[in-house]
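This report is an introduction for a reader who has not met the structure before. Please view the sequence and the model together while reading.

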Amino acid sequence: MQNHASHFRDRVKKAGSGAAVPAEMVEFYDGLFDYLQKQHAFYSASGLLPTLQPHDLPVADKGKHIFSEQSLRLLASGIEPLIRLMAAHHPGMTLEPLRGALEGGALSDFAGAFLTKDAGLLERLALTHKADRDQAVFIITNLLKPFLAALREANAGLVIQPDESRRLCPFCGHYPDMAAIVGVRDGKRFLHCSLCENRWPYRRIACAVCGCEDADKLEFLSREEYPRYRIDLCHACGGYIKTMRLDKFEDADACDLAVENICTPHFDAAALQAGFRRP
Ligand SMILES: [Zn+2]
Ligand SMILES: [Zn+2]
């Protein structure tokens with residue numbers, strides 16, 4: 001996992017960087033990135049992450065069954081600090097029922113429903129445990145993020161066959177949150193996983209949401225003042241993804257797309273306003 005906390009601070013402080021994080025959110029993301037870093041370091045150093053086999057991928061397909069008792073105990077260590085962070089920055093939020101549910105044995109159900117993208121089950125679980133669905137999604141996302149990133153790194157020897165038509169992360173099975181194109185002309189394009197932070201190559205001309213390759217249906221929006229970014233829109237599915245354009249001499253690995261995603265909410269606003277949505 002990249003050092004998001006330090007990249008975030010650099011990015012927000014740098015004048016003219018185009019970072020559009022509202023002032024009241026800077027402290028929150030600062031805390032969140034610190035939290036992710038600490039949990040990731042803890043999981044990586046624990047020596048308790050499972051060894052996966054090729055048939056275990058993408059891990060989302062196993063839903064709640066990817067978590068052994070040991071993995072659940074590891075994951076549970078992240079609940080209290082994350083809830084505390086949320087509560088400190090959102091004083092009106094009632095998070096106790098959710099915390100009680102996750103610490104009381106519902107963690108694997110919530111995580112499994114989230115990983116398998118079972119929106120109906122997530123809704124029912126939130127209702128059963130008197131928790132807010134969106135808050136539950138936020139908490140589960142950030143609980144799983146450092147765990148899955150550490151799990152992926154611990155299993156880096158697993159060979160994943162390259163397939164440029166994969167729209168979901170080949171390791172964890174989740175959606176990408178950003179794309180990047182390296183080199184301005186015939187550069188390679190890759191997608192960045194919103195959960196385990198994996199990157200994988202993807203077709204240059206195809207929607208990252210539905211896979212549509214019809215150039216007439218694909219469009220991108222860019223603004224002169226932000227030459228490093230564009231929004232790829234698809235008229236076939238109504239989806240969009242934010243894309244960073246990297247110079248061909250730039251080290252693509254040094255670019256922190258998780259931080260870029262947080263620093264560019266104005267592009268999301270523009271896409272949503274134009275009637276497009278994220279998966
Ligand atoms: Zn992933
Ligand atoms: Zn599409």
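The following paragraphs describe helix packing, an aromatic pair, a sheet and two points of backbone geometry in a predicted model.

**Helix packing**

Three helix contacts are set out in the table, each with the approach of the axes and the crossing angle.

| Helices | Axes come within | Crossing angle, roughly |
|---|---|---|
| α3 (residues 69-76) and α7 (residues 133-154) | 10 Å | 120° |
| α4 (residues 79-89) and α7 | 10 Å | 130° |
| α5 (residues 96-115) and α6 (residues 119-128) | 8 Å | 155° |

Helix α7 takes part in the contact with α3 and in the contact with α4. The axes of α3 and α7 cross at roughly 120°, and the two helices are therefore oblique to each other. The crossing of α3 and α7 is right-handed. On the α3 side the contact is made by Ser-71, Leu-74 and Leu-75, which meet Leu-143, Leu-144 and Phe-147 of α7. Sorted by class, the residues of this contact between α3 and α7 are five nonpolar and one polar, with no charged residues.

The axes of α4 and α7 cross at roughly 130°, an angle that makes α4 oblique to α7. This crossing of α4 and α7 is likewise described as right-handed. Helix α4 contributes Ile-79, Leu-82, Ile-83 and Met-86 to the contact, while α7 contributes Phe-138, Ile-139, Asn-142 and Leu-143. The contact of α4 with α7 comprises seven nonpolar residues, one polar residue and no charged residues. Leu-143 of α7 is thus named in the contact with α3 and also in the contact with α4.

For α5 and α6, the axes cross at roughly 155°, which makes α5 roughly antiparallel to α6. The crossing of α5 and α6 is left-handed. Here Asp-109, Phe-110, Ala-113 and Phe-114 of α5 meet Leu-121, Leu-122, Leu-125 and Ala-126 of α6. By class, seven residues in the contact of α5 with α6 are nonpolar, none is polar and one is charged.

**An aromatic pair**

The structure contains 10 aromatic pairs. One of them joins Tyr-43 and Phe-147, whose ring centres are 5.4 Å apart and whose planes stand at 85°, so the pair is edge-to-face. Tyr-43 belongs to helix α2 (residues 23-46) and Phe-147 to helix α7; the two residues are 104 residues apart, and the pair links distant parts of the chain. Phe-147 also appears among the α7 residues that meet α3.

**The sheet**

How are the six strands of the open sheet ordered? Their order is β3-β2-β1-β6-β5-β4, and the pairing is mixed. The edges are formed by β3 (199-202) and β4 (218-221), each of which pairs on one side only. From one strand to the next, the twist averages 30°.

At one of these edges, β4 is joined by four bridges to strand β5 (residues 229-234), and β4 and β5 run antiparallel. Across this pairing, Leu-218 stands opposite Cys-234 in β5.

**Backbone geometry in two loops**

Most residues other than glycine have a negative phi, and most peptide bonds are trans. Where does the backbone depart from this pattern? The peptide bond from Leu-57 to Pro-58 is cis, with omega near -10°. Pro-58 is located in the loop between α2 and α3. Lys-130, a residue other than glycine, has a positive phi, near 50°. Its place is the loop between α6 and α7.

Notes
Residues numbered from 1 in each chain as written. Chains lettered and ligands numbered in written order. Predicted model: local features only at pLDDT ≥ 70, side-chain atom pairs only at ≥ 80, totals over all residues. Heavy atoms only, no water. Axes fitted to C-alpha atoms, helices over the stretch in contact; angles between N-to-C directions. Parallel < 35°, antiparallel > 145°, perpendicular 65-115°, else oblique. Left-handed = near helix turned anticlockwise from the far one by under 90°. Contact = heavy atoms within 4.5 Å. Nonpolar A, V, L, I, M, F, W, Y, C, P; charged D, E, K, R; others polar. Pairing = 2+ DSSP bridges. Phe/Tyr/Trp six-rings, centres within 6.5 Å; stacked < 30°, edge-to-face > 60°.
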